[in-house]
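This report goes through a protein–DNA model, taking the strands, the helix packing and the symmetry in turn.

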Number of protein chains: 2
Amino acid sequence: MSISSRFTVGVHILALIELNKEGISSSEFLAGSVNTNPTLIRKIMGMLKKAGLIEVQPGIAGAKLAKEPSYITLLNVYKAVDVVQEKELFSVHENPHPDCLVGRNIQDSITPVLSTAQFAMEKVLGNVTIEDIAKDIVEKEKLKIQ
Amino acid sequence: MSISSRFTVGVHILALIELNKEGISSSEFLAGSVNTNPTLIRKIMGMLKKAGLIEVQPGIAGAKLAKEPSYITLLNVYKAVDVVQEKELFSVHENPHPDCLVGRNIQDSITPVLSTAQFAMEKVLGNVTIEDIAKDIVEKEKLKIQ
DNA sequence: TACGTTGTAATCAAATTAAATACATGATTA
DNA sequence: TAATCATGTATTTAATTTGATTACAACGTA
């Protein structure tokens, strides 16, 4: 199992909007860079818009960031594109048997650990911003050119 | 998306083997507590055996822990049942367009963050043992009885 | 030799993902 | 005003994964 690539596509979209801020980032343009179809991009753009991360208007070509890129974390994107529900990174088997000591207590015992693990993962995403990614992309490009 | 319940079922199995150490933990017995079918249990038991966490023999009823429960972490179980591959908790969109600055650098930029996030999650699992879970189950049971 | 257990392969329905098509709605411009 | 281009959204499709289920071979013991 893997977390949907909607998340990394979302990050790609935002980083590209930022680095292309002088140009027009239409869904078709973004789709070209991501290498997928514009419909998927528009679907994700809709989620990013709903989360207040970008500004888009029907009929008007191009999306803009709704905040400074240093104020958009990867966690914001992750939540926006809805890839993992709260406390549901791990699925827990349902209906363990209540007549068994373990069966009737395992869920309560294990759930806090799973939540803590999920939060630890999400915290890392919260410490990285779109600005960080955009700058790193520029940095990596410089290294390639040399 | 969610990580397969094979993981929590694996933890359930190990905790039950530990708490039922005086009895015989056959796949049918374990399946009753988990509330699933014995085949799934045997499949997971096979993975736990392969990882050196339990001892089982064809034809002989019952599984035993292969190590002290204080030496079996949830991370051991998680790796044993193969629910998430290394560095693949997040799926990254493939084939971004190389003619775009972002397209040709996004993977290298984002992969380290994703790996760090995954490791942070796994580290939490590595800090909890089957003994911890077993003791917590007994503890929670005591609270219920009062 | 029976019987019960583990080990394993194969099949099935349900859910999720990403690609693709189609079309309504909004804004610009010729 | 009509044509064009963009966004927004619903629907369909194939591929993949999950968990349930059936079937049966291999192993041990009574």
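Which polar backbone atom is 3.4 Å from a sugar or linking oxygen of DNA strand C? That atom belongs to Gly59(B). The model is a predicted one.

## DNA strand C

A second backbone contact comes from Gly62(B), where a polar atom is 3.3 Å from a phosphate oxygen of DNA strand C. On the other chain, the side chain of Ser4(A) places a polar atom 2.5 Å from a phosphate oxygen of the strand. Two or more residues near DNA strand C come from each of α3 of chain A and α3, β1 (54-57) and β2 (60-65) of chain B.

In total, 22 residues surround DNA strand C, and those that come nearest are Ser4(A), Ser5(A), Thr36(A), Ser27(B) and Arg42(B). Of the strand atoms that come within 4 Å of the protein, 60% belong to sugar and phosphate. The surface near DNA strand C is made up of 8 nonpolar, 12 polar and 2 charged residues.

## DNA strand D

DNA strand D is surrounded by 22 residues, with Ser27(A), Ser4(B), Ser5(B), Thr36(B) and Asn37(B) the closest. Sugar and phosphate make up 62% of the atoms of DNA strand D within 4 Å of the protein. By class, the residues near DNA strand D are 8 nonpolar, 12 polar and 2 charged.

Two serines of chain B face phosphate oxygens of DNA strand D: a polar side-chain atom of Ser4(B) is 2.4 Å from one, and an N or O atom in the side chain of Ser5(B) is 2.6 Å from one. Thr39(B) instead has a side-chain N or O atom 3.2 Å from a base oxygen of DNA strand D. The elements that give two or more residues to this surface are α3 (38-50), β1 (54-57) and β2 (60-65) of chain A, and α3 (38-50) of chain B.

## Helix packing in chain B

Helix α1 (residues 6-19) of chain B crosses α3(B) at roughly 80°, and their axes come within 10 Å. The crossing angle therefore makes α1(B) roughly perpendicular to α3(B).

From α1(B), the contact involves Arg6(B), Val9(B), Gly10(B), Ile13(B) and Leu14(B); from α3(B), Ile41(B), Ile44(B), Met47(B) and Leu48(B). These residues divide into 7 nonpolar, 1 polar and 1 charged.

## Symmetry of the two chains

A turn of 180° with a shift of 0.0 Å along the axis lays chain B on chain A with an RMSD of 0.0 Å. The two copies are thus related as by a two-fold rotation axis.

Within chain B, Met121(B) has the C-alpha nearest the axis, at 2.4 Å. Both copies use the same surface, and 100% of the contact residues of chain B recur in chain A.

Notes
Residues are numbered from 1 along each chain as its sequence is written. Chains are lettered from A and ligands numbered from 1 in the order in which they are written. This is a predicted model: local features need pLDDT of at least 70, side-chain atom pairs count only at pLDDT 80 or more; totals for chains, interfaces and linings use all residues. Side-chain values use heavy atoms; hydrogens and water are left out. A residue is near a molecule or strand if one of its heavy atoms lies within 4 Å of it. A polar contact is a pair of N or O atoms within 3.5 Å; within protein, one must be able to donate a hydrogen and the other to accept it, and residues adjacent in sequence count only if both atoms are side-chain atoms. Helices (H or I, at least four residues) and strands (E, at least two) are DSSP runs, numbered from the N terminus. Ala, Val, Leu, Ile, Met, Phe, Trp, Tyr, Cys and Pro count as nonpolar, Asp, Glu, Lys and Arg as charged, and the others, Gly among them, as polar. Axes are lines fitted to C-alpha atoms, for helices over the stretch in contact, and angles run from 0 to 180 degrees between N-to-C directions. Angles under 35 degrees count as roughly parallel, over 145 as roughly antiparallel, 65 to 115 as roughly perpendicular and the rest as oblique. Contact means heavy atoms within 4.5 Å. Copies are superposed by least squares on the C-alpha atoms of residues with pLDDT of at least 70 in both.
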